[in-house]
Amino acid sequence: MSDTTEPVTIDQVEENKSLPATSVNPDAMVGLIERAASNPDVDIDKMERLLAMQERIVAKDAEKSFNVAMIACQRTMPGITKGTVNQQTGSKYAKLGKINELITPVYTQRGFALSFGTDDSPLEDHVRVICHVIHENGHSMRYQHDQPIDGKGIQGNANMTRSHAGASALSYGQRYLVCMIFNLTLLDDDDDGNSATTKKNPGSTYSNQQVDNKPWYNTAKEDRDGIIGALAGGRKIDDIVKNLRAKWKVSKASEKIVRSYGEEYLNT
């Protein structure tokens, strides 16, 4: 097959013609730069435009390679089974170490590497976890996630040191970013470890047959002030849970959090 791409000339660069990066053969461009560099009649301005064009070509090719590799990578990513039980909520999640064990061979085979770091977060009591996804052909992407540094349990009591809370936040932030970057499928998927199992449980108030037309309720932690406010207004915790079930699929873990707020209110 013959190459029909028209060669780039110094005159085209001098006239500042628009040249799409994808229409230029990189090897031909290197040859043109070499010829221009050896020509005493080519001024600095022309050389700068040639080099800038070459940089655009290289960057475009690297970005294309990155995207092709990411598509191939996501096609072959395994599903991640959640095999660790959260001792506070009773729900399951996948540990970062297990996720890395399964996916690292897949993304490194496609030429990717991950580099994590941290930065200041504009949110109070948060850490910004950063991940640079680097491809062997030179293109990279930066992702970030602001993770709360929360050393409290589901009842609001401190259950870890500040150092432990910071390490936990970093681990969770990395896990979140890895799942997001590679669009991982968590089998028996959860949201922050608080959704119910997808298995049917005949005769249970959590049976999927009874609530399959409703979205899951996984915002108990965020609803804390509203729940406490309802209790202060005279509402009973059973009525609050009943109303939630009327609108949502309420997991056992989420109900446990809601009820813990009732105990917290009664004990104050």
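## A walk from helix 9 to a three-stranded sheet

At 29% relative accessibility, Arg 259 counts as partly exposed. That makes a good place to start in this predicted model. The partner to look for is Glu 255, which forms a salt bridge with Arg 259, their closest N and O atoms being 2.7 Å apart. Both residues belong to helix 9 (residues 252-266), where they sit four residues apart, or about one turn of the helix. Glu 255 is buried, at 9% relative accessibility, because the cut-off for that label is under 20%. If you follow the charges a little further, you will find Asp 238 joined with Glu 255 and Arg 259 in a network of salt bridges.

Side chains of opposite charge can pair when their charged atoms come close. Altogether, the structure holds four salt bridges. Another one sits in helix 4 (residues 96-109), where Glu 101 and Lys 98 are three residues apart and so separated by about one helical turn. Here the closest N and O atoms are 3.9 Å apart, a distance that still counts because the limit for a salt bridge is within 4 Å. Glu 101 is exposed, with a relative accessible area of 52%, while Lys 98 is partly exposed at 40%.

Now turn to Asp 146 and Arg 128, whose side chains meet in a salt bridge at 2.8 Å, N to O. This pair links distant parts of the chain, with Asp 146 in strand 6 and Arg 128 in strand 5, 18 residues apart. Arg 128 is buried, with a relative accessible area of 16%.

Those two strands lead us into the sheet. It is an open sheet of three strands in the order 4-5-6, with antiparallel pairing. At its edges are strand 4 (112-120) and strand 6 (140-148), each of which pairs on one side only. From one strand to the next, the twist averages 20°. Helix 5 (residues 162-181) packs on this sheet and touches strand 4, strand 5 and strand 6, its direction making about 135° with that of strand 6.

Look next at how strand 5 (residues 126-135) meets strand 6: they pair in the antiparallel sense over nine bridges. Within this region, Cys 131 stands opposite Tyr 143 in strand 6.

Our last stop is the loop between strand 5 and strand 6, which is home to His 139. Is His 139 buried or exposed? With a relative accessible area of 19%, His 139 is buried. Leaving aside residues up to four places away in sequence, His 139 touches Ala 62, Glu 63, Phe 66, Val 133 and Ile 134.

Key. Residues are numbered from 1 along each chain as its sequence is written. This is a predicted model: local features need pLDDT of at least 70, side-chain atom pairs count only at pLDDT 80 or more; totals for chains, interfaces and linings use all residues. Side-chain values use heavy atoms; hydrogens and water are left out. Two strands pair if DSSP finds at least two bridges between them. Axes are lines fitted to C-alpha atoms, for helices over the stretch in contact, and angles run from 0 to 180 degrees between N-to-C directions. Contact means heavy atoms within 4.5 Å. Buried means under 20% relative accessible area, exposed over 50%, partly exposed in between (1.4 Å probe, protein chains only).
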